[in-house]
Structures are given as structure tokens and as C-alpha cells.
Amino acid sequence: MQEFGFHTVELDRSIPAVVILDQTRLPRQELYLTLTDEESLREAIYHLKVRGAPAIGVAAALGIYVCMAGKKALKETSSFQKEFSRVKDYLASARPTAVNLFWALERMEGALKQALRDGKSVPGLLEALEKEALAVLEEDRQICRSLGENGLRLLKPGMGILTHCNAGALATAGMGTALAPVYLGQQRGYGFHVFADETRPLLQGARLTCWELSKAGVDVTLICDNMASMAMKNGWIQAVITGCDRVAANGDSANKIGTSAVAILAKEYGIPFYIAAPLSTIDANCREGKDIRIEERAGKEISEMWYTHPMAPEGIKTYNPAFDVTDHRYITALITEKGILSPPFTASIRQALSLPEG
Ligand code: MRU
């Protein structure tokens, strides 16, 4: 985002291409990648070059438009639609947990179907896809801001705020979800003290949250994941805010591995634990947390990555879930663009999504 001095994900209309800031290089190098085909887009999402639920959704929406723009040679709308479905399934296979990926692709398919019903030919279909993708991007920016305003009402000047993983400007097309209230507070002189969990094993907290917060002049202290209890006991934390990859209908929330441990600690210390997420992150089709598919990633991310030589015996068994589910009873409230959703979440979520009584 321009006001942060970097762009997480945007569209270069002249090519067209999706341009992303390669987050695997941060904080050492600010390198932008220009992506024009489905292989490079899927690879960028899988390898976390673009990551964070809302940013993945935006990249997928822009991405499927860009991929289809590269297939102008398809003159028949039926072959165009068939190819769209293939690319959609391919991009959807990149990562399983963040529902925004599927939500964005479904939304793009809806726009395509509407354009087909309107009798558009291939150039018209492309126009409709471009328009929808840019709407997804712009809405994400607006949503982050509203979410930030709503979240800020829960906070007081001078508070210590713990966050886990990265749910900032690098995880969205806007000012982030969990970090949006922090940025707005910063602009208004709240003087927050942020504590960033390093977030093993991929270090999104250390590499990304610390990078973007210090770039914006926010006071941030890096701690290892196992230091959160100590920071809470010291009285340094008055609120915990994290982002989220998928919220089930009962409020159970999947976020970066380690989040549920922080939530349980917060309850023990009597500290409010907030999840900040756009409504597009709520998946009413998942009744509860155990219906959410949790991504499991390569064991080498634990045993070798970041080290100059492997830090575990060769061939050691590993278990590397990328996310965990925080039970709704540990969540004080969900911060959304439509306001604060309080327990019981089944009712407040249903109301926010305008769903009929179940
Ligand atoms: O594996 P990642 O880096 O994509 O995981 C990201 C998170 O867990 C974020 O907290 C979540 O996507 C919310 S981003 C606003």
C-alpha cells in the first residue's frame, strides 16, 4: 500500500500482470515479482511469496483475470469458461486453509457467469473479470480501514498489544487486519507498544510484522513464541489481536500455528483476546473448528530452514501443521468491518452475514 511505502499485491494493467512484493526475501530485500501465468501464481501462493488470507484472496482474484487475459486466442465463450474452471481449480489447490482464496475465486466465477448471461463475447468477459478483480482489491483496502476503526474502539492509549504471525499491510491489500487498529492508533498518538511473536517455523512475526511496524515507526518488541507467558506475567500485555484464516460458524478460528496457545494464555492472565478478520474469512459452511482443513507443510521448514546447517538429526520425523484452531470460548470478540461480534458467536455471526435462523 502506497502509504506504507510498499505494495503487497497489485495489478499492472499494461501487461497485465499481478505484481507482488516477494515476502520470502523480507526483511533483507524488497523484491517485486511480476506474475503472468498460473504456474508462477500458484507457486507464489504455495511458497508464501504472497501470504496472509486477504492478500491470498486478492492475488487469486487478480491472478485469474491475468491468466485468462493471456488466453485471448480462445474465441469461443464455452472454451473460455472451460479454461477458467481449470485455472480456478489449479489456483485453489495452492493452499487449503485460508478461505479467502476460495471465496475470491468463487466471486470471480460469479462475475464470469453474469457476463455470460449478459451475452458478452470473450473481450467482454475479460473486461468483467478485470472489473471484479479490481473491486476485490479496492474493497479489501476499505474493509481493512473499517476494521481498524472498529478495533481501535477496544483499545486505550499506551496499551501493550501482543500479536502472532503477520496480519498487517503485508497480509492484505490495505493496512492489515490485526494491525489496522495499531496503525490508526499510531496516526492518532496512542503510543501502543506492540509485542510480536516470532512465529515459528516461518518467522512471519520476526521477518514481516517487525519489518512493517518498525518501518511505520510503531514501537515493536520481538519475542520468541515461548516468551508470551512471561510478557503477560510481567504486565506488559493489555490486549492480544491476531488475524485469522477461517472462522467457523460457531466462532472457532483457524490462524497461524501457535495462536491457540496464546489465546489460552490470555484467558489465564485475564487479557482480552481478539481475532480481526473481514467477513469474507467467515466460512458458514464449517460448523465448527474441526471442519476446517489444516494445511500441513514440509518438515524441512522445522528442521532445516533458516539454519546454515540442519538443526535436527537427518531423517527425523516431523509434524508441521501451518495453522491451529482457537476454540471460540477463548475469543473475547471478533473484530470485523461490520463491527464487533461478541459471544455467542453462532448468533452474532449469523446476524453479521444476514443468514436465516438455523
Ligand atoms: O501462512 P501464512 O503466513 O499465510 O499465515 C498467515 C496468518 O496466519 C495470518 O494471521 C492470517 O492469514 C490473517 S492475515 C490478515
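Where is the place of proline 27? Proline 27 sits in the loop between strand S2 (17-21) and strand S3 (32-35). Helices here are DSSP runs of H or I with at least four residues, strands are runs of E with at least two, and both are numbered from the N terminus.

A quick word on the model. This is a predicted model, where local features need pLDDT of at least 70 and side-chain atom pairs count only at pLDDT 80 or more, while totals for chains, interfaces and linings use all residues. Residues are numbered from 1 along each chain as its sequence is written, and side-chain values use heavy atoms, with hydrogens and water left out.

**Backbone oddities**

Most residues other than glycine have a negative phi, and most peptide bonds are trans. Here are some spots to look at in that light.

| Site | Feature | Value | Place |
|---|---|---|---|
| Leucine 26 to proline 27 | cis peptide bond | omega near 5 degrees | proline 27 in the S2 to S3 loop |
| Proline 343 to proline 344 | cis peptide bond | omega near -5 degrees | proline 344 in the S14 to H11 loop |
| Leucine 48 | positive phi | near 65 degrees | H1 to H2 loop |
| Leucine 203 | positive phi | near 60 degrees | S5 to H7 loop |

Both leucines are tucked away: leucine 48 counts as buried at 8% relative accessibility, and leucine 203 does too at 15%. (Buried means under 20% relative accessible area, exposed over 50%, and partly exposed in between, with a 1.4 Å probe and protein chains only.)

**The sheet and its helices**

Seven strands make an open sheet with mixed pairing, in the order S6-S5-S4-S7-S10-S13-S14. Strand S6 (219-223) and strand S14 (339-341) are the edges, each pairing on one side only. Two strands pair if DSSP finds at least two bridges between them. From one strand to the next, the twist averages 25 degrees. Strand S5 (residues 193-197) runs parallel to S6, joined by five bridges, and valine 194 stands opposite valine 220 in S6.

Helix H7 (residues 204-215) packs on this sheet, touching strand S4 (160-163), S5 and S6, and its direction makes about 160 degrees with that of S5. Helix H11 (residues 345-352) lies across strand S13 (333-336) and S14, at about 145 degrees to S14. For these angles, axes are lines fitted to C-alpha atoms, for helices over the stretch in contact, and angles run from 0 to 180 degrees between N-to-C directions. Contact means heavy atoms within 4.5 Å.

Helix H6 (residues 180-187) is mostly covered, with six of its eight residues buried. Its cover includes H5, S4, S5, H7 and strand S7 (239-242). Just after H6, glycine 189 takes a positive phi of about 75 degrees.

**A helix with two faces**

Which residues of H3 are buried? They are Phe80, Glu83, Phe84, Val87, Lys88, Leu91 and Ala92. Seen down the axis of H3, these fall within an arc of 165 degrees (taken from the directions from the helix axis to the C-beta atoms), so they line one face of the helix. They pack against helix H1 (38-46), helix H2 (53-69), helix H4 (99-117) and helix H5 (122-152). The face turned away from that buried side carries the exposed residues Ser78, Lys82 and Asp89.

**Cysteine 286**

Cysteine 286 is in the loop between strand S11 (282-283) and helix H10 (300-303). Cysteine 286 is buried, at 5% relative accessible area. Neighbours within four places in sequence aside, cysteine 286 is in contact with Arg246, Ala248, Ala249, Asp291 and Ile292.
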